Amino acid sequence: MKRKVGTTCIHGEESKTKGEHFGAISYPIYQTATFAHPGVGQSTGYDYSRMQNPTREQLEKTVAALEEGAFGFAFSSGMAAIATMMELFQPGQHLLIDSDLYGGSIRLFEHISKKNGLQITALDFCQDDVVSHIQENTVALYVETPTNPMMNITDLKKISEIAKKHKLLLLVDNTFLSPYFQNPLSFGADVVIHSGTKYLGGHNDTLAGFLVVNEEKIAEQIRFLMKTTGAALAPMDSWLILRGIKTLAIRMEKAQENAIFLSKWLGEQSQIRKVLYPGLPEHKGHEIMKKQSRGFGAMVSFEVDSKETAFFILEKVQLIQYAESLGGVETLITYPITQTHADVPKALQEKNGITDCLLRLSVGIEDISDLIQDLGQVFWQLEQR
Ligand SMILES: *Cc1c(COP(=O)(O)O)cnc(C)c1O
């Protein structure tokens, strides 16, 4: 019987034979850069840790299993994974990217990919006509769903049909939902990307990134790029992410439960103009998401009535920390316009709705009453101004 995702989080892909590694329950950390050969022309299967390392491999197999993919690759950060992936393309080729993406990804495409001769067009995948933007030299589509920070939802099945029809690779950054809630490969994506720094690690203590694919040919190319450019994840960090994944299921459930409660509570505050959370039935991507995800995640963006209100909230939260990043057990509040999305070109910021009134919450797993208490004291003070 096929295991459920929550069990895979704890037991990995587990092809473990009894007694292997002296029966260690926690996978050992092979803290070594190199491996001795038993004889000339012989190998234990491991030569040098940039290419293969048993701890990293255990993590790669686990993440691949969680994403229902055949091959997983662990990088030193999410950006290292994406930068390596972009080496799959040649100068002169064209990619269509969603205009609302993680700011670092947009910076990479704008400043590195373009310099390397790639052509990039940004469009709104859930509103614009994607097909009409496909050119003769278009080779790939790049999306996040939900998007960061506007929480737009792309219909994965529809977009993958377009990709298949036009022979394009579909690249999906699945960081916001984690493999616990969504598996884009099952909807026809060719490469799934993760910042493992976020939900997979889950504790705001380790950087990591992943690529997961089904096709042997793409896997082979990524393996070559990885050993050649060298952004592989270190053994100790691989182990930390493996440990984080063990509690992925229970963390995602609790964070989502908190996010659902908080998004409704935020909607009742008079200083809040709009709450962007796809778990709310009135969210325009709600129905699509029900078809392609097992949950709505725990990222909640909201728009307040003024820049002053936004600043006030950032300064007055006590339990909730004003910090970049997401996906950890701690609830964090972010100001996209000066933090995560500061490097997004101004025109694009405006087009997407990233204004100085927009805030983003990564809802953690604290007791909900303490989160409400913290936000409650902020909004009470706002009333008193
Ligand atoms: C954080 C993030 C990244 C980049 O990952 P790092 O681990 O910070 O390098 C990429 N995509 C999304 C959606 C992210 O949130």
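Helices, at least four residues long, are DSSP runs numbered from the N terminus, and the place of S113 is in one of them, helix α4. The legends below take you through a predicted model, one close-up at a time.

**Figure 1. S113, a buried residue in helix α4.** Let's begin with the residue just introduced, S113, which sits in helix α4. Its relative accessible area is 4%. Buried means under 20%, so S113 counts as buried. Which residues does S113 touch, leaving aside its neighbours within four places in sequence? They are M86, L108, L118 and I120.

**Figure 2. The buried residues of helix α4 and what they pack against.** Now step back to the whole helix, which covers residues 103-113. The residues buried here are G103, G104, S105, I106, L108, F109 and S113. Look around them and you will find elements from several parts of the chain: the buried residues of α4 pack against helices α3 (78-86) and α12 (346-352), and against strands β2 (94-98), β3 (119-123) and β4 (138-144).

**Figure 3. F125, in the loop between β3 and β4.** This view centres on F125, whose place is in the loop that links β3 to β4. With a relative accessible area of 6%, F125 is buried. Setting aside neighbours within four places in sequence, F125 is in contact with L96, I97, D98, V130, L141, Y142, V143, T154 and I159. To help you find your way along the chain, K114 makes a handy landmark: F125 and K114 are eleven residues apart in sequence, and 21 Å separate their C-alpha atoms.

**Figure 4. Domain 1 and domain 2 in contact.** Here the view widens to take in both domains. The domain assignment of the chain gives domain 1 as residues 5-245 and domain 2 as residues 250-384. Taken over C-alpha atoms, the centres of domain 1 and domain 2 are 26 Å apart. Domain 1 brings 43 residues to the contact, and domain 2 brings 42 residues.

**Figure 5. Helices α9 and α13, packed roughly parallel.** Helix α9 spans residues 248-267, and its axis comes within 10 Å of the axis of α13, crossing at roughly 25°. Angles under 35 degrees count as roughly parallel, and α9 and α13 are therefore roughly parallel to each other. Their crossing is right-handed. From α9, the contact uses N258, F261, L262, W265 and L266, while α13 offers I368, L371, I372, L375, G376 and F379. By class, the contact of α9 with α13 has nine nonpolar and two polar residues, with no charged residues.

**Figure 6. Helices α11 and α13, packed obliquely.** Helix α13 (residues 368-384) returns in this close-up, now with α11 (residues 307-316) as its partner. The angle between them is about 135°, and their axes are 10 Å apart. The two helices, α11 and α13, are therefore oblique to each other. In passing α13, α11 makes a right-handed crossing. On the α11 side, look for T309, F312, I313 and K316; on the α13 side, look for Q377, V378, F379, Q381 and L382. By class, the contact of α11 with α13 has five nonpolar residues, three polar and one charged.

**Figure 7. A323, in the loop between β10 and β11.** Is A323 buried or partly exposed? This residue lies in the loop joining β10 (321-322) to β11 (332-334), and at 24% relative accessibility A323 counts as partly exposed. Not counting residues up to four places away in sequence, A323 touches L332, I333, T334 and Q339. The C-alpha atoms of A323 and L361 are 9.8 Å apart, with their positions 38 residues apart along the chain.

Notes. Residues are numbered from 1 along each chain as its sequence is written. This is a predicted model: local features need pLDDT of at least 70, side-chain atom pairs count only at pLDDT 80 or more; totals for chains, interfaces and linings use all residues. Side-chain values use heavy atoms; hydrogens and water are left out. Axes are lines fitted to C-alpha atoms, for helices over the stretch in contact, and angles run from 0 to 180 degrees between N-to-C directions. Angles under 35 degrees count as roughly parallel, over 145 as roughly antiparallel, 65 to 115 as roughly perpendicular and the rest as oblique. A crossing is left-handed if the near helix is turned anticlockwise from the far one by less than a right angle, and right-handed if clockwise. Contact means heavy atoms within 4.5 Å. Ala, Val, Leu, Ile, Met, Phe, Trp, Tyr, Cys and Pro count as nonpolar, Asp, Glu, Lys and Arg as charged, and the others, Gly among them, as polar. Buried means under 20% relative accessible area, exposed over 50%, partly exposed in between (1.4 Å probe, protein chains only). Domain bounds come from an automatic or database domain assignment.
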